[in-house]
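Subject: A structure for you to look through

Hi there,

Here is the structure I promised to pass on to you. Please open it beside this email, and follow along as you read.

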Amino acid sequence: MGNIAAAIRCSFAVATFTPHTRTSMTSIPATLLWCLSAGTAAAVVMTFFLVRMRRGSQALRRHLATAEARRSAAERGHSELAAQLRATEDELRHLAEARLPDLATSLAHPHVAVRGLRDPRFTATDVDRSLTSAMDQLAQAVAKERARVDEAAQATMRGATTTIQALLYRLQTLLQEMQHRYDDQAVAQDLLQADFLNEQALRRVQTTGVVCGAWPGLTRDDSHLADLVVGAMSRLRGYERIQVSNLLRDPVGVVARAVEPVAIALTELLANALHHSHHELPVAVTLQQGNRGASVIVDDYGIGMHADEIAYATRLLGGGEQVLLTELGDPPRSGFAAVGQLVRQYGFTVHVESSPYGGVRAVVYIPGDPLLTLMDETAQPMSAMAPLPPQMLHAHSTPLGVPQTMSQGMSHAVSQTASQVDPAPGSAPVAAAEHTPARAPEAEPVRTPEPTPARAPEAETAYTPEAEREAEPWHEAEPAHAPDSASDAGLPRRRRRRPAVEPERPLPRTEPVAERSPQESATRWAALQSGTLSGRAEAEYRIPRPEGNDQG
Amino acid sequence: MTPRQSNRRLVPAYLATGGRARPSRNTLDRLTVLYGATVTAPAGLRPEALRVLALLRPGALTVAETASHLRLPVSVVKVLVADLVDAGHLHARSPIPEAEQIDRQILERVLDGLRTLKS
């Protein structure tokens, strides 16, 4: 615009100048022409400038627009970034305030759920991955440290329990010796109590040790399963509520290495049953023999277990994992954990379920192949407190029944043959009517499952004097001594004497005693007297040469 | 096989009597002779009582012998036996008093006679 104004001003200056150059008329058109051309030139220049200016302003305008767009884009980006930053900060705060505490709690209490991301938009992003990795590392570090601390605690406990256990065993030996030494009632009573207390302490220490990874602390000999159950029961307060029924067909025993572990497991299951049932309710224990193993079934009629308790117990009893001391609670409930350890190490199984009676049923199954053995009842009889199987109980209740299972001196086969043959001579008249039918069917299946071929000949030879003892009372010592000396080669042990008052009465007392006539009595006494006399006479006769028989 | 590891008892003695060591009668002695009063074993008895009766069924034994056979302390067996005597399942006869014992000389002669028989 400035240019245009300058050009106009210039043309006016040319026009005002022209009157002064009027001196020559011919110069007017030239001047006009000059002016015109100058004006044209100015117009051209002005147009050029005009165009150029317009172009510049357009570029400026475009520039302005893009700058505007860029600015708004930048603003948008900025606000987005700020929002994202805020979200990330929130997420981090969530991690610190919620997720990590959750994780810490859940490591101690597995049922606690760990919360996830707060903002679902972060799922599968780098943020998510980083946070998860941080949490994983934390979890690993905590778990590792916990295991380390737990192992240290377990090692300490193990050392302590092993020592205490050994001491308690020594105390047990001492108490047992004292029980045999002192007959005094008061002392004996105290000794029994002390023994029981010691046994309970031993059980606690042993269980704790086993949970901490110690071995059971004792290797026993092969033992009768019934003995084992009774022994387990003796370690618990309230054992009188436990009722054991022995349904084993054979003299089933547990091999040496598994005796104490099974006993510990049974003790803990029985303790659980006793603890969770009313103190007047019985706890029923059944020994059952299966095709491939034996089971001990513990039934209580108590309050039962919840589903989650059963699940927890099943997890522990499965023996699949190492249990931490910190998981056992306070006071520690170490029973199932100990059983789980033993199950894992020794290969029997324990199953716990709700019983149909409302209580809990626990089943210990001992597989026959590696863990069971058949016991020789002669060499190692059952303890007196172990219940006998029903068939043996029944055998005991029959008249004239020779103690078939326990009699230590008497071999099993001897008693078997004796019990089958004995009724014939003496008791036939009365006993046959009511007892032989009962005996006949049960004697066969009971005895035949456990024939030991090696013992058969012994039975044949040993039987003879046993059967003849009715006639010759002095021979009764013979069959008893033969297996006795064979079995435990210790001091000779006197077997038994005939009842001194009623020597010849194998019959049930249904027969009235007074029926003997005076004549008969006289004959008998006369016979006795003459026998005595003749014996004495013979002794007198032989006494002069007693030497030479000292070794006999 | 490994050598015999331990013959530690598995079943303690107190289990036989539920921890009691005071017999219901104090007439029992180590040498008291026991013999069964019934031929059939009565039902409903605890295993150890049945075992005592079964042990005594073929003949009489003293308390000490019974204890030895059952591998139980005498004090515990006394309780068991006293209960059984109370229930009428057993008879107990006191040992022959010192003064009435047979002359030692006669015993020696009997012994000699027996040795002669065996030779």
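Let's begin with chain A, which has 16 helices and eight strands. Please keep in mind that this is a predicted model. Of the 552 residues of chain A, 28% count as buried. If you take the contacts in chain A between residues at least 6 apart in sequence, 74% of them join residues at least 24 apart.

**Helices in chain A**

A bit of background helps here. Two packed helices are described by the angle between their axes and by the distance between those axes.

Try helix 6 (residues 256-275) and helix 8 (residues 335-346) of chain A: they pack at an angle of about 150 degrees, and their axes are 9 Å apart. That angle makes helix 6 of chain A roughly antiparallel to helix 8 of chain A. The crossing of these two helices of chain A is left-handed. On the helix 6 side, the residues that meet helix 8 of chain A include A:A258, A:P261, A:I264, A:A265 and A:E268. Their counterparts in helix 8 of chain A are A:G335, A:A338, A:V339, A:L342 and A:Y346. The residues of this contact between helix 6 and helix 8 of chain A divide into ten nonpolar, two polar and one charged.

Helix 8 of chain A also packs with helix 7 (residues 307-318) of chain A, at an angle of about 35 degrees and with the axes 6 Å apart. Here A:A313, A:L316, A:L317 and A:G318 in helix 7 of chain A meet A:F336, A:A337, A:V339, A:G340 and A:V343 in helix 8 of chain A. By class, that contact of helix 7 with helix 8 of chain A has seven nonpolar, two polar and no charged residues. You can find A:V339 in the contact with helix 6 of chain A and also in the contact with helix 7 of chain A.

**A sheet in chain A**

Strands of a sheet pair through backbone hydrogen bonds, either parallel or antiparallel. In chain A, three strands form an open sheet in the order 1-3-8, and the pairing is antiparallel. Strand 1 (223-224) and strand 8 (372-374) of chain A stand at the edges with a single partner strand each, so one side of each has no neighbour in the sheet. Three bridges join strand 3 (residues 252-254) of chain A to strand 8 of chain A. To see the pairing for yourself, look for A:V252, which stands opposite A:L374 in strand 8 of chain A.

**Over to chain B**

Chain B has five helices and three strands. From the N terminus on, its elements run α-β-α-β-α-α-β-α. Of the 119 residues of chain B, 46% count as buried. Among contacts in chain B between residues at least 6 apart in sequence, 73% join residues at least 24 apart.

How many residues of helix 2 (residues 47-56) of chain B are buried? Ten of the ten are, so helix 2 of chain B is largely enclosed by the rest of the structure. Among them are B:P47, B:E48, B:R51 and B:L53.

Now for strand 3 (residues 90-93) of chain B. In a regular strand the side chains alternate between the two faces of the sheet. Along strand 3 of chain B, B:L90 and B:A92 point to one face and are buried, while B:H91 and B:R93 point to the other and are not. Strand 1 (residues 33-36) of chain B pairs with strand 3 of chain B in the antiparallel sense, over four bridges. In that pairing, B:G36 stands opposite B:L90.

B:L90 deserves a closer look. It is buried, with 22 other C-beta atoms within 10 Å. Leaving aside neighbours within four places in sequence, B:L90 is in contact with B:L34, B:G36, B:A37, B:L56, B:V81, B:L84 and B:V85. The C-alpha atoms of B:L90 and B:L53 are separated by 7.6 Å, and these residues are 37 apart along the chain.

**Two backbone angles to check**

Most residues other than glycine have a negative phi. A:A124 is not a glycine, yet it has a positive phi of about 65 degrees. You will find A:A124 in the loop between helix 2 (27-108) and helix 3 (126-181) of chain A. With 8 C-beta neighbours inside 10 Å, A:A124 counts as exposed.

B:R71 has a positive phi too, of about 55 degrees. B:R71 lies in the loop between helix 3 (63-70) and helix 4 (74-87) of chain B, and with 14 C-beta neighbours inside 10 Å it counts as partly exposed.

Happy exploring!

Note on methods:
Residues are numbered from 1 along each chain as its sequence is written. Chains are lettered from A and ligands numbered from 1 in the order in which they are written. This is a predicted model: local features need pLDDT of at least 70, side-chain atom pairs count only at pLDDT 80 or more; totals for chains, interfaces and linings use all residues. Axes are lines fitted to C-alpha atoms, for helices over the stretch in contact, and angles run from 0 to 180 degrees between N-to-C directions. Angles under 35 degrees count as roughly parallel, over 145 as roughly antiparallel, 65 to 115 as roughly perpendicular and the rest as oblique. A crossing is left-handed if the near helix is turned anticlockwise from the far one by less than a right angle, and right-handed if clockwise. Two residues are in contact if their C-beta atoms, placed from the backbone, lie within 7 Å. Ala, Val, Leu, Ile, Met, Phe, Trp, Tyr, Cys and Pro count as nonpolar, Asp, Glu, Lys and Arg as charged, and the others, Gly among them, as polar. A residue is buried if 20 or more other C-beta atoms lie within 10 Å of its own, exposed if 12 or fewer, and partly exposed in between; C-beta atoms are placed from the backbone. Two strands pair if DSSP finds at least two bridges between them.
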